[in-house]
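Me: I would like to go through this model by asking, for each label attached to it, what that label rests on. Please set the value against the cut-off wherever a step of reasoning needs one.

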Amino acid sequence: ERVLLTGGSGFIASHVLDTLLDAGFQVVVTARSDEKGRTIAESVKPHQICYAVVEDIAKDGAFDHVFQIQAPFDYVVHTASPYYLNVQDPVKEFLDPAIKGTTGLLRSIKAHGPTVKRLVITSSSAAVLNPDNHPKVYDETCWAPTTYEDAINHPAKNAYKASKVLAEKAAWEFVENEKPNFDLAVINCTYVFGPIQRKLASLEAMNTSNHRIRDMIQGEKRDGLDPTAPVFTWVDVRDVALAHLRAITVPKAGGNRFYVVGGHFSNKQIADIIREKVPSLADRLPADAVDDLPDDVFSFNNSKSRQVLGIDYTSLEKSILDTVGSILALFPDA
Ligand code: NDP
């Protein structure tokens with residue numbers, strides 16, 4: 001069976017791609033340039049994949065040619081969406097690619113992908129959490145209240161969050177209103193750690209959520225750790241990738257969102273794991289950091305992801321050590 005995977009150059013997508021290929025799927029990835037497409041194809045050898053160039057997912061009809069040239073597809077997995085911290089223009093940089101990218105893809109599938117049975121979208125805990133008013137326990141029934149206006153008024157705090165929650169809502173609304181030929185499953189993963197892409201060009205090009213590990217092992221936090229807040233939950237990227245695969249292969253996953261979260265963490269716990277298990281890096285870490293994980297931190301219920309998708313969550317220690325190992329393997333002078 002054939003899968004279209006958007007945003008193939010991304011961190012999470014690289015693991016989704018490995019997982020799909022290992023499960024025997026044929027995969028076509030989208031990338032923003034020929035060069036990026038070739039790099040992705042190179043990274044999965046001896047597996048063979050095709051790529052299609054989609055320069056900007058925010059453009060009208062951005063995906064149409066992919067369906068016209070590369071179809072038929074049985075499934076589509078949509079991971080492409082901007083995720084970085086330095087926002088200048090919330091609409092152009094975040095809201096348009098996330099929301100128009102998602103609705104444009106849905107329209108392309110409906111118009112040109114009659115064989116598609118399911119679309120899996122990588123949403124986020126950003127579409128679940130309500131940091132100003134945490135419930136006791138988060139689960140799939142929770143929705144972030146962030147609006148388009150919040151993103152315009154406070155881009156640094158809200159552009160990414162609004163982009164994720166509004167894109168996800170638009171997808172559910174599309175399926176509800178248009179009753180297309182495919183159903184929808186959504187992965188709401190929380191903050192993701194794990195091995196970096198095998199062909200990552202530079203340490204600067206590393207995905208956002210691994211930065212805190214990169215920065216620690218480069219000695220940038222030797223004088224003290226940043227606050228962990230507001231992020232206190234994490235998940236391993238290989239669990240996230242498996243959740244995407246199972247969202248395709250488990251029939252009853254359709255029509256559901258899945259809150260994919262492995263546990264709580266703090267920056268001090270990460271530093272302690274690295275200090276204990278990789279002593280050669282110990283002098284780059286702060287000697288006596290304070291643990292800022294609050295006693296009354298919000299809790300989460302990940303039972304739906306365990307029961308329906310069969311996820312058995314990776315430990316923080318394994319995830320951190322494998323991340324560090326992957327960085328040092330590719331960049332020994334880090
Ligand atoms: P990456 O930055 O590694 O991947 C983002 C991908 O989206 C890249 O392939 C990027 O292409 C592509 N992309 C971004 N904007 C556009 C655009 N306008 N047109 C075409 N392609 C675009 O991030 P992650 O792998 O971490 O994130 C992947 C998905 O997972 C996102 O949807 C993100 O919101 C979600 N997510 C991530 C979490 C995390 O902690 N990492 C947590 C929860 C959700 P290029 O490489 O060319 O820039």
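Reply: A good place to begin is one helix of this predicted model, H8, in which Val237, Asp239, Val240, Ala241, Leu242, Ala243, His244, Leu245, Arg246, Ala247 and Ile248 are buried.

Me: What makes H8 largely enclosed by the rest of the structure?

Reply: A residue counts as buried if 20 or more other C-beta atoms lie within 10 Å of its own. By that cut-off 11 of the 13 residues of H8 are buried, so the helix is largely enclosed by the rest of the structure.

Me: How do you know that the span of H8 agrees with what its residues should give?

Reply: The expected span is 1.5 Å times one less than the number of residues. For the 13 residues of H8 this should come to 18 Å, and the end C-alpha atoms are 19 Å apart, which agrees. As for its surroundings, H8 (residues 237-249) lies across S8 and S9, and its direction makes about 70° with that of S9.

Me: Which strands make up the open sheet that includes S8 and S9, and what makes two of them edge strands?

Reply: The sheet has 3 strands in the order S8-S9-S11, with mixed pairing. S8 and S11 (263-264) are its edge strands, since each pairs on one side only. Strands count as paired when there are at least two bridges between them, and S8 and S9 (residues 233-236) are joined in the parallel sense over 3 bridges, with Phe193 opposite Asp236 of S9.

Me: Why are S3 and S10 said to stand at the edges of the other sheet?

Reply: That open sheet has 7 strands in the order S3-S2-S1-S4-S5-S7-S10, and its pairing is parallel. S3 and S10 each have a single partner strand, so one side of each is left without a neighbour in the sheet. On average, neighbouring strands of this sheet are turned by 20° against each other, direction ignored. H6 packs on the sheet, touching S5 and S7, and its direction makes about 165° with that of S7. H1, in turn, lies across S1, S2, S4 and S5, running at about 170° to S1.

Me: How do you know that S7 pairs with S5 and with S10?

Reply: The requirement is at least two bridges between the strands. S5 (residues 118-122) is joined to S7 by 5 bridges, Arg118 having Asp183 of S7 as its bridge partner. S7 is joined to S10 (residues 257-260) by 4 bridges, and there Cys189 has Val260 as its partner. Both pairs run parallel. S7 (residues 183-189) is also mostly covered, with 6 of its 7 residues buried.

Me: What makes S1 and S2 a pair, and how many residues of S2 are buried?

Reply: With at least two bridges required, S1 (residues 2-6) and S2 meet the condition through 4 bridges and run parallel. Arg2 has Gln26 of S2 as its bridge partner, while Val3 stands opposite Val27. In S2 (residues 26-31), 5 of the 6 residues are buried, and the strand is described as mostly covered.

Me: Why is Lys179 called exposed, and what is noted about its phi?

Reply: Exposed requires 12 or fewer other C-beta atoms within 10 Å; Lys179 has 8 C-beta neighbours inside that distance and therefore counts as exposed. Its phi is near 40°, a positive value in a residue other than glycine, and Lys179 is found in the loop between H6 (155-178) and S7.

Me: Why is Asp292 called partly exposed?

Reply: Buried begins at 20 C-beta neighbours and exposed ends at 12; Asp292 has 15 other C-beta atoms within 10 Å and is therefore partly exposed. Asp292 sits in the loop between H9 (267-277) and S12 (299-300). Not counting residues up to four places away in sequence, Asp292 touches Pro227, Thr228, Ala229 and Ser266.

Me: What is the make-up of the shell around the ligand, and which residues are the closest?

Reply: The ligand is surrounded by 26 residues, the closest being Gly7, Gly10, Ser81, Ser124 and Ser209. By class the shell has 13 nonpolar, 9 polar and 4 charged residues. Its largest share, 3 residues, comes from H1.

Conventions
Residues are numbered from 1 along each chain as its sequence is written. This is a predicted model: local features need pLDDT of at least 70, side-chain atom pairs count only at pLDDT 80 or more; totals for chains, interfaces and linings use all residues. A residue is near a molecule or strand if its C-beta atom, placed from the backbone, lies within 6 Å of it. Helices (H or I, at least four residues) and strands (E, at least two) are DSSP runs, numbered from the N terminus. Ala, Val, Leu, Ile, Met, Phe, Trp, Tyr, Cys and Pro count as nonpolar, Asp, Glu, Lys and Arg as charged, and the others, Gly among them, as polar. Two residues are in contact if their C-beta atoms, placed from the backbone, lie within 7 Å. Axes are lines fitted to C-alpha atoms, for helices over the stretch in contact, and angles run from 0 to 180 degrees between N-to-C directions.
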